[in-house]
Amino acid sequence: MLDIRSLPTRAWSLLKAPHRLALATLVPRAFAFCHTFGLTVWIALVEGSGWKLIGPGLLLLFWPAVAYLHAARAQNSKHAEFKNLLFDSLLFGIWCSVLDFYVLATLAIGLACFMNNMVVGGPRRMAASMALFAGGALGWSALTGFGFRPYVSTGLDIYQGAGAVIYFLAIAQVMYGQNRKIGRSIVEIKFQNRVFHALLQLGVVANRASNIHTLLDDSLEHLRADFPEYGFAVFLQERQRPEVTRYAAVAGLQLGPEDERRLGSLLATLHERQENTIKLRETTIGEQLYATPMAGRLSIYDGWLIVRAPKLDGALERMLTLFADQLAAATENKLLHLELKKTAERDGLTGIYNRGFFESALQLSIQAKAQPPGLDFAVLMMDVDGLKKVNDQYGHVAGDQLITAVAERLKMQCREDDVLARYGGDEFVILFPSADLSAPNRVAALIRAHLEGQRCIITPTHGESVEVELRLSMGTASSTEVPAQEVLTLADNRMYDDKTQRRKARALG
Ligand SMILES: Nc1nc2c(ncn2[C@@H]2O[C@H](COP(=O)(O)OP(=O)(O)OP(=O)(O)O)[C@@H](O)[C@H]2O)c(=O)[nH]1
């Protein structure tokens with residue numbers, strides 16, 4: 001059953017806020033039609049035609065409301081308003097004929113109709129408006145007879161002239177308002193484009209960065225390139241110890257190391273998990289700084305994005321929140337990525353590469369040897385002597401210490417391009433990409449000179465620290481000697497030969 005009480009609500013629900021064009025024309029249209037009704041009443045009184053003219057004239061008062069409702073109910077309110085403007089021309093054309101083409105009114109009303117249509121739709125729509133105006137005027141004259149009343153009275157001329165001036169000034173005011181809005185929109189769009197571009201750049205930078213420092217530095221440089229009017233800084237502090245600033249990056253701010261330290265401590269004292277941008281009362285720097293927190297978006301850090309700006313407005317605050325979010329997400333992802341990479345590539349005990357990474361690198365070297373220019377590579381296999389004895393005598397923790405000590409000392413003998421890996425329990429290997437046998441032989445000689453026979457202090461599970469001697473069996477091989485796939489096996493065999501000889505030597509010695 002129809003609920004009467006819901007009718008007004010349902011009627012309103014059919015209406016929506018019409019397009020700004022319909023809103024902008026509502027008042028000028030209402031004024032123009034009311035003024036024309038006043039003109040009609042004046043003429044009727046002067047000429048004594050009474051309700052014969054005033055009666056139909058009342059319809060003029062309804063049209064602005066009908067036009068507004070038409071625009072508000074239409075699917076496309078802007079197009080509906082275009083039609084309304086054309087219909088204005090037709091109605092006014094008819095009414096000018098009704099008023100027997102009172103000259104001043106016909107000129108002012110016609111001009112207003114043509115101008116309105118020209119402004120919103122260009123010459124074609126103005127031509128349509130002229131055609132409808134002329135069609136309405138001539139059509140009505142053809143139906144009811146043509147009359148011509150060039151002049152009524154000076155008073156009416158003044159009334160009509162003043163109305164025209166008010167109307168055109170009102171239209172000028174509307175156009176000025178629209179122009180200002182458009183101007184503001186253009187500024188906003190340009191700003192949003194810069195924000196959008198900067199966000200895209202942050203994504204690219206985050207992908208390329210190899211560590212958090214470069215990520216933050218490059219991100220700020222890009223922000224600065226898009227927003228040269230601002231200065232930026234980022235501080236990431238340990239959540240557990242906020243006084244420790246782990247990462248800091250600055251771009252476009254006059255911050256010396258002392259200022260950075262002061263700012264870092266200031267941020268550490270701020271309330272954690274702030275949600276909004278805050279003004280920093282940092283006066284010594286002499287610049288107005290605002291800080292947007294990254295709180296809650298990073299797992300082990302609290303972060304702050306700092307900006308130097310003349311003032312904080314809504315647009316800047318929204319922008320800072322977006323950048324802070326984006327930077328936090330990029331930092332968190334990078335930290336996770338680096339952690340995963342480390343877990344996948346590194347040996348948990350010694351921190352050097354693990355066997356998986358070494359084998360991938362070896363495969364690359366084998367492939368490189370197969371393709372022109374056929375680069376040679378070499379390996380050095382090593383095995384710690386006597387680890388089992390250390391484990392048995394002093395415990396596994398002591399054995400771990402021995403392994404770590406060997407890894408540390410091997411690292412010292414390697415160059416940047418050498419791939420040092422822990423191959424197994426007490427086995428180490430070094431891959432020398434782009435090298436012949438001289439490279440592993442050189443490193444083996446260095447190891448014999450600087451590591452063999454050296455002592456390292458280990459702490460047994462129970463008891464006093466003890467010194468153990470470092471001893472390594474070694475075997476080298478290169479792709480200059482055997483097919484690439486067999487290099488590792490050859491080095492391994494040579495290492496076991498070395499071990500056997502060393503055992504024999506020890507047994508004899
Ligand atoms: N502490 C410790 N021991 C390990 C680890 N991985 C393997 N081992 C031990 O290292 C020893 C390796 O065996 P071997 O190669 O026979 O030991 P070794 O005493 O060095 O014998 P040689 O190589 O013949 O001198 C075994 O006792 C393993 O349990 C590790 O990560 N930590």
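Helices α11 (387-394) and α12 (396-413) pack at about 145°, and their axes lie 7 Å apart. Two packed helices are described by just these things, the angle between their axes and the distance between the axes. Here axes are lines fitted to C-alpha atoms, for helices over the stretch in contact, and angles run from 0 to 180 degrees between N-to-C directions. Helices (H or I, at least four residues) and strands (E, at least two) are DSSP runs, numbered from the N terminus.

Keep in mind that this is a predicted model: local features need pLDDT of at least 70, side-chain atom pairs count only at pLDDT 80 or more, and totals for chains, interfaces and linings use all residues. Residues are numbered from 1 along each chain as its sequence is written.

So who touches whom between the two helices? On the α11 side you'll find Leu 387, Val 390, Asn 391 and Tyr 394, and on the α12 side His 396, Ala 398, Gly 399 and Leu 402. Being in contact means that the C-beta atoms, placed from the backbone, lie within 7 Å. Sorted by type, the contact has five nonpolar, three polar and no charged residues. Ala, Val, Leu, Ile, Met, Phe, Trp, Tyr, Cys and Pro count as nonpolar, Asp, Glu, Lys and Arg as charged, and the others, Gly among them, as polar.

Both helices also turn up around the ligand: α11, α12 and strand β6 (378-384) each give at least two residues to its shell. A residue is near the ligand if its C-beta atom, placed from the backbone, lies within 6 Å of it. Of the 16 residues there, Asp 385, Leu 387, Lys 388, Gly 399 and Gly 425 come nearest. The shell holds four nonpolar, five polar and seven charged residues.

Strand β6 belongs to an open antiparallel sheet of four strands, ordered β7-β8-β6-β11. β7 (419-422) and β11 (472-478) are at the edges with a single partner strand each, so one side of each has no neighbour in the sheet. From one strand to the next, the twist averages 15°. Strands pair if DSSP finds at least two bridges between them, and β6 and β11 have seven. One of the matches is Val 384 with Leu 472 in β11.

There's another open antiparallel sheet, with five strands in the order β2-β1-β5-β4-β3. Its edge strands are β2 (245-251) and β3 (278-280), and its twist averages 25° from one strand to the next.

Here is how some helices lie on the strands:

| Helix | Strands touched | Angle |
|---|---|---|
| α7 (212-226) | β1, β2 | about 25° to β2 |
| α9 (314-345) | β1, β4, β5 | about 140° to β5 |
| α14 (487-508) | β6, β11 | about 150° to β11 |
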